[in-house]
Amino acid sequence: MSGLLNGKRILVTGVLLESSIAFHTAKLAQEQGAEVVLTGFGRLSLVERIANRLPKPAPVIELDVANTEHLDTLADRVRQHVDGLDGVVHSIGFAPQDALGGNFLNTPWESVATAVQVSAYSLKSLTMATLPLFENGGSVVGMDFDATVAWPQYDWMGVAKAALESTSRYLARDLGKENIRVNLVSAGPIKSMAAKSIPGFEELAKVWDDRAPLTWDLADPEPAARGVVALLSDWFPKTTGEIVHVDGGLHAIGA
Ligand SMILES: NC(=O)c1ccc[n+]([C@@H]2O[C@H](COP(=O)([O-])OP(=O)(O)OC[C@H]3O[C@@H](n4cnc5c(N)ncnc54)[C@H](O)[C@@H]3O)[C@@H](O)[C@H]2O)c1
């Protein structure tokens, strides 16, 4: 059977529950012919249980993107399962509670620093940690939420996403000569664990009902995952530093 990712070896971070965008990305990637290795943060037995629901078995490696030892040993631990990589999916975001939900003016630097380290700087950390595994170039894809405007409730996570957008452009600049593409999918709101931790998320999501030209289903992570798989494939060979909106078209509509 021919698939978009036939023969490709893909590392997918960020699987936590079945609602994770990363779970749907891993599932579609397998269905499109890829060999998938997962990383999990903290609750590894939960991640392994969720991984068992994928069409094919996928090993789970531990990765906290804020842990230097985890990053330093990542390539060797991935190599225990695959001999190289053709793609890496960064589907990781975190901000402490006091950095979200309307507390923007009072958030301390420590909380901002955590949000930026885990949600933005980690795109660089993860890419550099896996660089030795890319023999013939490849594709790095991260998950974005449009950071060109300010949103209700999103606060310092929005600032972290602006940093993520910029980080992906600088990575694209520096890794292009190695034929490594770095792109983001800017997704509309999806009811995942990360979304539930944002107080007032539903209010933010209501904008989509009112303005998105295409319908948008908060409970369906598959459209975003399809965008990621497309960027991992050979069908965007000269696209890097790009942000592909998978948001029902909302970004294009002013009011
Ligand atoms: N849900 C949405 O509305 C939405 C919209 C646009 C973009 N995104 C982005 O999509 C990505 C995935 O989020 P999701 O919605 O699937 O939620 P999710 O909660 O399923 O995934 C977030 C993941 O980040 C991981 N993570 C947190 N801290 C980590 C750390 N220190 N090291 C490694 N991993 C860590 C969690 O374990 C989890 O797997 C995030 O970047 C998020 O910002 C989400």
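Where does the ligand sit?

**View 1. The ligand sits in the largest pocket.** This is a predicted model, in which local features need pLDDT of at least 70 and side-chain atom pairs count only at pLDDT 80 or more, while totals for chains, interfaces and linings use all residues. Residues are numbered from 1 along each chain as its sequence is written, and side-chain values use heavy atoms, with hydrogens and water left out. A pocket here is an open set of points on a 1 Å grid over the protein atoms alone, where a 1.4 Å probe fits, with protein on both sides within 12 Å along at least five of seven lines. "Sits in" means that more than half of the molecule's atoms lie within 2 Å of the pocket's grid points.

**View 2. A shell of 27 residues surrounds the ligand.** To count, a residue needs a heavy atom within 4 Å of the ligand. Gly14, Ser20, Lys161, Ile190 and Ser192 come closest. By type, the shell splits into 18 nonpolar, six polar (Gly goes here) and three charged residues. Helix α6 (193-196) and strand β5 (138-144) each chip in at least two residues, and α6 gives the most, with three. Helices are DSSP runs of H or I with at least four residues, and strands are E runs with at least two.

**View 3. Polar contacts link the ligand to Asp64, Ile92 and Ala194.** Such a contact is a pair of N or O atoms within 3.5 Å. A ligand nitrogen lies 2.9 Å from an N or O atom in the Asp64 side chain. Ligand oxygens meet polar backbone atoms of Ile92 at 3.1 Å and of Ala194 at 2.9 Å. On its own the ligand exposes 820 Å², and the protein buries 93% of that (Shrake-Rupley, 1.4 Å probe).

**View 4. UniProt's "binding site" residues, from an unreviewed entry, include Gly14, Lys161 and Lys191.** Such annotations may be inferred rather than shown by experiment. The listed residues span 181 positions in sequence, with the farthest two C-alpha atoms 23.0 Å apart, so they do not all gather at one spot. Among those lining the largest pocket (an atom within 4 Å of a grid point) are Ile21, Val65 and Met193. Lys161 belongs to helix α5 (residues 155-175).

Key
Polar contact = N/O pair within 3.5 Å; in protein donor to acceptor, adjacent residues only side chain to side chain.
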